[in-house]
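Q: I have a new model open and I'd like to learn how to read it feature by feature. Can we go through it together?

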Amino acid sequence: MKLIKEQTKLADVLLIFPFLIPVINRFGIRLGVGDKTIEAICKEHHIHVELFVTIINTLAFDSYFPKVKLQTFSVLQTIEYLHRTHYDYLRVQLINIERHIFGLIKSSENSKLGLLHRFFNEYKQEISGLIRREEEEMFPHIVRVYELYFSPDYDLSYEGDLSLSVQQFGKEYETVNEKLYDLKNIILKYLQGEYDTNLCYAVVVALNNLETDMNSNLRMQERVLKPMVMEMESEIRRRGGLQ
């Protein structure tokens, strides 16, 4: 499929890229989209259409590098999307995976599978801590940068607000995501004896979906959000004579 555009029918996109269904849900869009174009649906839901198209292209195509136009993008809508993404990870996907893992362990005679649950708990704690840091540090920093950038009365007293930079965040994701790969390896290599094959498949698929989703969103942050925020940070420092 060619790059997704504003006049593309959303249903056509979802048929080819079904993994984007949770993504549109985070924008408040539910299935039953009919033959409406992305532009029409975004208008109905008060979503910045250029932002929406950029995000789904970034998630759908690994090689896509957007030309971000800061003046036309809504940084705050991007943050709201990421808030909903975090909620989906913590309150939906991780809970679903844990439920499947419990069922798989109960269905198996392999005592070593207890390691799977302990390993998953370690991962859950790490990713929860990383998400909490973004919610408590990165997002407030970005909102403050956004406010400063559009402030008509910038002055040097704002210097302390830029003691952080958005570049400091997100680097831990790659290390944490390696644990998802290890979790799948434990199942594929060490699962023996009697067990529920449907539950086993459900766990592997759920782990793989979460890994893909998180890697895609990390790519979106690196290619869409961070360039916008870094441009704002640079301009604020320039105005204050800090660079």
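A: Sure, and keep in mind that this is a predicted model. Let's begin in a loop: leucine 191 sits between helix H7 (172–190) and H8.

Q: Is leucine 191 buried or exposed?
A: Burial is judged by relative accessible area, with under 20% as the cut-off for buried. Leucine 191 has a relative accessible area of 12%, so it is buried.

Q: Which residues does leucine 191 touch?
A: Leaving out residues up to four places away in sequence, leucine 191 touches Leu104, Ser108, Asn110, Leu113, Ile186 and Cys200. Take Asn110 from that list: asparagine 110 is 81 residues from leucine 191 along the chain, yet their C-alpha atoms are separated by 7.1 Å.

Q: Now zoom out for me. How many helices and strands does the protein chain have?
A: Eight helices and zero strands. Reading along the sequence gives α-α-α-α-α-α-α-α.

Q: What share of the contacts is long-range, say 24 or more positions apart?
A: Counting contacts with a separation of 6 or more, 77% are between residues 24 or more positions apart. On burial, 47% of the 243 residues count as buried. The accessible surface comes to about 12900 Å², and carbon and sulfur atoms hold 52% of it.

Q: Where should I look for a nonpolar core?
A: The general idea is that in soluble globular proteins, nonpolar side chains tend to be buried together. Here the largest nonpolar core has 42 residues, and Leu10, Leu20, Ile29, Ile38 and Phe52 touch the most other members. At least two residues of this core come from each of helix H1 (10–16), helix H2 (21–26), H3, H4, helix H5 (75–107), H6 and helix H8 (197–239). H4 gives the largest share, eight residues. Apart from this core lies another of 27 residues, including Leu104, Phe120, Cys200 and Ala206.

Q: Which residues does isoleucine 38 touch?
A: Not counting residues up to four places away in sequence, isoleucine 38 touches Ile4, Lys5, Glu6, Thr8, Leu10, Val13, Val49, Phe52, Val53 and Ile56.

Q: Let's stay with H4. How many of its 12 residues are buried?
A: A useful general point first: an α-helix has 3.6 residues a turn, so residues three or four places apart point the same way. In H4, though, 11 of the 12 residues are buried, so the helix is mostly covered. The buried set is Val49, Leu51, Phe52, Val53, Thr54, Ile55, Ile56, Asn57, Thr58, Leu59 and Ala60. As for partners, the buried residues of H4 pack against H1, H2, H3, H5 and H8.

Q: Is asparagine 57 of H4 buried or exposed?
A: Asparagine 57 is buried, because its relative accessible area is 2%. It touches Leu3, Ile4 and Tyr64, not counting residues up to four places away in sequence. Methionine 220 is 163 residues away from asparagine 57 along the chain, and the two C-alpha atoms are separated by 9.3 Å.

Q: How do I check a helix's length against its residue count?
A: Use 1.5 Å a residue and compare the expected span with the distance between the end C-alpha atoms. The 12 residues of H4 should span 16 Å, and the ends are 16 Å apart, which agrees. For helix H6 (residues 114–149), the 36 residues should span 52 Å, and the end C-alpha atoms are 51 Å apart, which agrees.

Q: At which residue does H6 bend?
A: At glutamate 134, where the bend is about 35 degrees.

Q: What should I look for in the backbone angles?
A: Most residues other than glycine have a negative phi, and most peptide bonds are trans. Histidine 46 has a positive phi, near 60 degrees. This histidine 46 is in the loop between helix H3 (38–44) and helix H4 (49–60). Its relative accessibility is 69%, so histidine 46 counts as exposed.

Q: Last one: how many disulfides are there?
A: The rule asks for a pair of cysteine sulfur atoms within 2.5 Å, and by it the count is zero disulfides. Cysteine 42 counts as buried at 1% relative accessibility, and cysteine 200 is buried too, with a relative accessible area of 13%.

Methods: Residues are numbered from 1 along each chain as its sequence is written. This is a predicted model: local features need pLDDT of at least 70, side-chain atom pairs count only at pLDDT 80 or more; totals for chains, interfaces and linings use all residues. Side-chain values use heavy atoms; hydrogens and water are left out. Helices (H or I, at least four residues) and strands (E, at least two) are DSSP runs, numbered from the N terminus. Buried means under 20% relative accessible area, exposed over 50%, partly exposed in between (1.4 Å probe, protein chains only). Contact means heavy atoms within 4.5 Å. Accessible areas come from the Shrake-Rupley method with a 1.4 Å probe; for residues, only the protein chains shown count as cover. The expected span of a helix is 1.5 Å times one less than its number of residues. The bend at a residue is the angle between axes fitted to the seven residues ending there and the seven starting there. A nonpolar core is a set of buried Ala, Val, Leu, Ile, Met, Phe, Trp, Tyr and Cys residues joined through side-chain atoms within 4.5 Å.
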